[in-house]
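Student: I'd like a close look at just one aspect of this model, please: its empty space. Take me through the pockets and anything enclosed, and tell me which residues line them.

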Amino acid sequence: MKVNTKSKKVNKAWLNSHVNDPYVKAAQKDGYRARAAYKLKEIDEQLKLIRPGATVVDLGSTPGAWSQYVRRCLSPEGAAVGALNGRIISLDLLPMEPIEGVQFILGDFREEPVLAQLQEALGGGKADVVVSDMAPNLSGNGTTDAARIALLVELAVDFSIHHMKPEGALVVKLFHGGAYDDLVALFRQTFKVVKPIKPKSSRDKSSETFLVGMGLK
Ligand SMILES: C[S@@+](CC[C@H](N)C(=O)[O-])C[C@H]1O[C@@H](n2cnc3c(N)ncnc32)[C@H](O)[C@@H]1O
């Protein structure tokens with residue numbers, strides 16, 4: 001499909017590649033809100049992280065594609081609605097359109113009162129899986145951006161240490177360059193098994209990648 005637009009603000013090359021992207025097409029066909037769903041799907045199919053009955057925390061969940069994927073994994077029939085065998089608690093700075101059975105918290109993961117809400121939602125229990133696709137708004141300043149990305153990953157690791165079951169798993173998005181090596185080292189200190197994964201659905205040109213930590217040390 002060729003995209004015609006008069007707006008100078010829209011990058012036509014990006015728009016053309018987006019519209020013709022097989023994962024964008026698949027997301028439309030499968031009813032996912034974003035192509036991001038396939039990144040978590042690939043990671044999960046490789047490592048079998050999300051099992052029936054699980055409690056899953058989804059950090060940086062808006063617009064909701066990862067939560068939709070998790071919801072289908074926890075549904076006895078893989079359905080987008082109806083019975084749910086497990087719990088999903090999702091959190092984002094931005095509002096998210098409701099997903100049946102998903103408890104959503106609006107707030108900044110870096111803020112103590114928001115963490116307290118998340119803790120309350122867990123009701124004294126612990127998560128089986130924590131996934132974080134959080135990405136900060138980039139300033140363009142490499143050092144500042146690397147520090148912002150690292151902070152979100154470090155907070156997700158800290159959250160997992162306190163609120164995830166010992167045999168649980170944490171999936172985080174991060175970026176090559178910046179503090180990548182330090183964050184891998186943090187994962188190796190914290191988890192028994194650490195797997196770096198670049199899903200096929202993550203665009204080649206992007207320095208985005210994912211780290212999975214399994215089993216707390
Ligand atoms: C790439 S999007 C997530 C896409 C989502 N996984 C999906 O499948 O639809 C990144 C999200 O991280 C959120 N985010 C960034 N910093 C955050 C923070 N400090 N607390 C909560 N959410 C944050 C953004 O608002 C944004 O919605």
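Tutor: Happy to! A pocket, on a 1 Å grid over the protein atoms alone, is an open set of points where a 1.4 Å probe fits, with protein on both sides within 12 Å along at least five of seven lines; lining residues have an atom within 4 Å of a point. Its volume is the space filled by probe spheres set on the points, which are joined across faces, edges and corners.

The model is predicted, so local features need pLDDT of at least 70 and side-chain atom pairs count only at pLDDT 80 or more, while totals for chains, interfaces and linings use all residues. Numbering starts from 1 along each chain as its sequence is written, and side-chain values use heavy atoms, without hydrogens or water.

Let's start with the largest pocket, which holds about 570 Å³ of space. It is lined by 26 residues, and those closest to its centre are Gly 60, Asp 92, Leu 93, Met 134 and Ala 135. Two or more lining residues come from each of α4 (65-74), β2 (87-92) and α6 (142-163); helices (H or I, at least four residues) and strands (E, at least two) are DSSP runs numbered from the N terminus. By class, the lining has 13 nonpolar, 6 polar and 7 charged residues, where Ala, Val, Leu, Ile, Met, Phe, Trp, Tyr, Cys and Pro are nonpolar, Asp, Glu, Lys and Arg charged, and the others, Gly among them, polar.

The second largest pocket has a volume of about 180 Å³. Its lining includes Leu 47, Lys 48, Leu 49, Arg 51 and Ala 54, together with Asp 128, Val 129, Glu 167, Gly 168, Ala 169 and Met 214. At least two of these residues come from β4 (127-132), and at least two from β5 (164-175); β5 makes the largest contribution, with 3 residues. This lining divides into 6 nonpolar, 1 polar and 4 charged residues.

Now for the enclosed space. The structure holds 1 cavity of 30 Å³ or more, a cavity being a set of points where the probe fits but cannot get out. About 40 Å³ of space lies in this largest cavity. Its walls are formed by Ser 132, Met 134, Ile 149, Leu 152, Val 153, Ala 156 and Lys 173. Helix α6 gives the most to that lining, with 4 residues, and α6 is also one of the elements giving two or more residues to the largest pocket. Met 134, too, appears in both places: in the cavity lining and among the residues closest to the centre of the largest pocket. The cavity lining has 5 nonpolar, 1 polar and 1 charged residues.
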